[in-house]
Amino acid sequence: MLKDKTAIVGIGQTEFAKRLEESELELACTAINKALEDAGIEANEVDALGSFTFEENDEFEVARNLGFGELHFWSQAPYGGGASCCAIGQVALSIASGISKVGVVWRARKRGDPKSRIWSHTEDKVFDHWKWSRPSGLVRPADESAMLMRRYMHQYGYTREHLSCVATTLRKYANKNSLAFMYKKELTKEDYMNARMISDPLCLYDNCLESDGAIAVVLVSTERAEKLDKKPALIHSFSQGMSSEHQLMTDYHGRDPLKSSSYVTSENLWRLADFKPKDVDVAQIYDAFSPMIPFSLEAYGFCGEGKALSFIGEGGIAKDGQIPVNTSGGSLSEVYLHGMNLVVEGVRQIRGDSSSQIQNAKVSLVTTCDATPNGAILFRGE
Amino acid sequence: MIENIPIPGIEDYDKGFWSHTSKSQLVVQSCSHCNKVRFPPRPMCPSCHCLEHKWEKVSGKGEVWSFVVPRPPLLPAFEEISPYAVGLISLEEHPFIRMVGRLKIEEAQKNDDFELIKIGSKVEVAFEKLTKEICLPYWVIKENL
């Protein structure tokens with residue numbers, strides 16, 4: 001069993017910016033080094049690695065730059081935004097099962113340059129499942145996400161004004177986080193309503209930032225964690241999820257396209273946990289695009305079907321709301337690093353040192369991308 | 001970035017779809033053994049695991065399940081025609097089969113008037129020749145005019 005057997009004991013991140021000078025390898029190594037320092041663990045103790053299939057840095061390159069010793073486990077999780085909790089969960093399983101002792105999971109990415117946008121590298125001929133959408137002009141993830149949002153708005157009677165509350169709420173958190181892209185840069189509802197459209201009904205502020213940076217975390221057994229200085233964030237439950245008839249990003253072919261893979265992850269995550277949604281003190285929800293927050297709030301059981309945008313409009317995800325969400329600003333306003341920023345914020349909330357600390361936070365949820373096969377982790381304090 | 005519209009690459013399991021669209025006929029893949037329909041096309045029937053398939057003709061009528069209007073930055077070929085509408089169309093005979101396609105309004109001069117497009121609007125398929133082998137389905141709005 002995995003429950004409470006492992007913990008995140010170290011977090012590290014580089015500076016976040018539109019353009020950083022360092023290579024992705026240098027960024028990865030810097031973030032990992034900081035996470036190990038934060039944990040108080042020597043590099044030569046690391047024997048497990050977790051990363052993303054989208055990661056450009058090979059395990060052996062990372063290992064020999066940081067001076068790791070002999071490794072016993074490594075795995076990569078697929079699907080970009082769906083991967084962070086999966087990569088961490090898999091390393092946790094390896095530690096809990098005794099294969100390895102000290103794990104590192106990281107993501108380094110230089111995406112500040114518009115030329116690095118994945119959709120802009122679409123080839124002349126499309127052979128994968130995107131052959132059924134890209135030739136028709138549904139090219140970018142924003143377009144794919146907008147399709148579901150318009151349907152949701154139609155089905156439940158919402159407008160762009162309702163959706164604006166996602167971006168403005170997250171921006172308020174970022175305004176307090178000195179490490180965030182959007183620190184002190186305010187966003188009003190008026191700014192939102194006047195913003196240029198990217199894929200109607202989504203506008204500029206419904207899209208994540210484009211950024212360079214790296215983030216890493218260190219995992220050990222709970223037994224080991226108790227001997228370290230930092231308050232551990234115990235991995236209480238973890239699951240991955242992929243719905244029947246799922247299709248990556250253009251997930252339009254299931255019985256109800258508004259019932260994403262998040263519903264699958266959620267059901268199994270709660271089955272494995274001693275907690276229910278009402279017990280969660282704070283949540284970090286993957287937000288490459290703003291619709292993913294209301295969709296996930298419903299999938300994880302924080303509000304009823306079709307209720308999420310009114311819940312958010314009434315302050316439900318704000319700092320004094322029922323379930324504060326993306327308290328460091330999220331991918332919309334802190335940094336976009338395939339959701340690894342959400343993981344470290346979930347850990348900070350347990351430690352008690354977030355820039356928007358939720359008092360006495362004991363149970364902290366982190367989720368990954370609603371539109372891909374995904375995963376989630378429920379952290380608890382000691 | 002590519003200058004042209006990206007073209008669907010043809011695979012063994014979907015060549016029948018494209019050979020029919022070249023003749024202005026919309027089809028859906030169905031299982032040779034249990035007759036269940038599936039979309040997008042794939043090699044194996046998820047119901048009975050049969051690897052043989054056939055192509056069932058459909059009327060090409062459907063309705064708009066949802067739609068978006070992309071604006072730049074886009075691939076150059078789409079930037080040139082933006083704003084345009086792309087819909088997710090639910091087929092009349094098989095409402096749970098949904099296809100992505102460009103949405104056009106019957107009278108050409110009205111193609112910019114996206115207010116005319118509604119979820120639930122009735123549409124009919126048409127085909128645009130992209131290459132010798134590929135005719136891409138798109139959808140024409142027949143009502144709300």
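How many helices and how many strands does chain B have?

## Elements of the chain

In this predicted model, chain B is made up of 2 helices and 9 strands. Read from the N terminus on, these elements follow one another in the order β-α-β-β-β-β-α-β-β-β-β, and a student who traces the chain in the structure above can use that order as a guide.

## Overall form

With its helices and strands in place, chain B has a radius of gyration of 16 Å, which is close to the 15 Å that the globule rule gives for 145 residues, so the chain is as compact as a globular protein of that length. Its C-alpha trace spans about 45 × 35 × 25 Å along the principal axes.

Burial and contacts add to this picture of the chain. Of the 145 residues of chain B, 35% count as buried. Among the contacts in chain B with a separation of 6 or more, 52% come from residues that stand 24 or more positions apart.

## Two domains and where they touch

The domain assignment divides chain B into domain 1, which covers 11-57, and domain 2, which covers 60-145. Taken over C-alpha atoms, the centres of domain 1 and domain 2 of chain B are separated by 22 Å.

The two domains of chain B also touch, since 8 residues of domain 1 are in contact with 10 residues of domain 2. When the residues on the side of domain 1 that touches domain 2 are sorted by class, 5 are nonpolar and 3 are polar, while no charged residues are found there.

Key
Residues numbered from 1 in each chain as written. Chains lettered and ligands numbered in written order. Predicted model: local features only at pLDDT ≥ 70, side-chain atom pairs only at ≥ 80, totals over all residues. Domains from an automatic or database assignment. Contact = placed C-beta atoms within 7 Å. Nonpolar A, V, L, I, M, F, W, Y, C, P; charged D, E, K, R; others polar. Helix = DSSP H or I, 4+ residues; strand = E, 2+ residues; numbered from the N terminus. Rg over C-alpha atoms; globule rule 2.2 N^0.38 Å. Buried ≥ 20, exposed ≤ 12 C-beta atoms within 10 Å, placed from the backbone.
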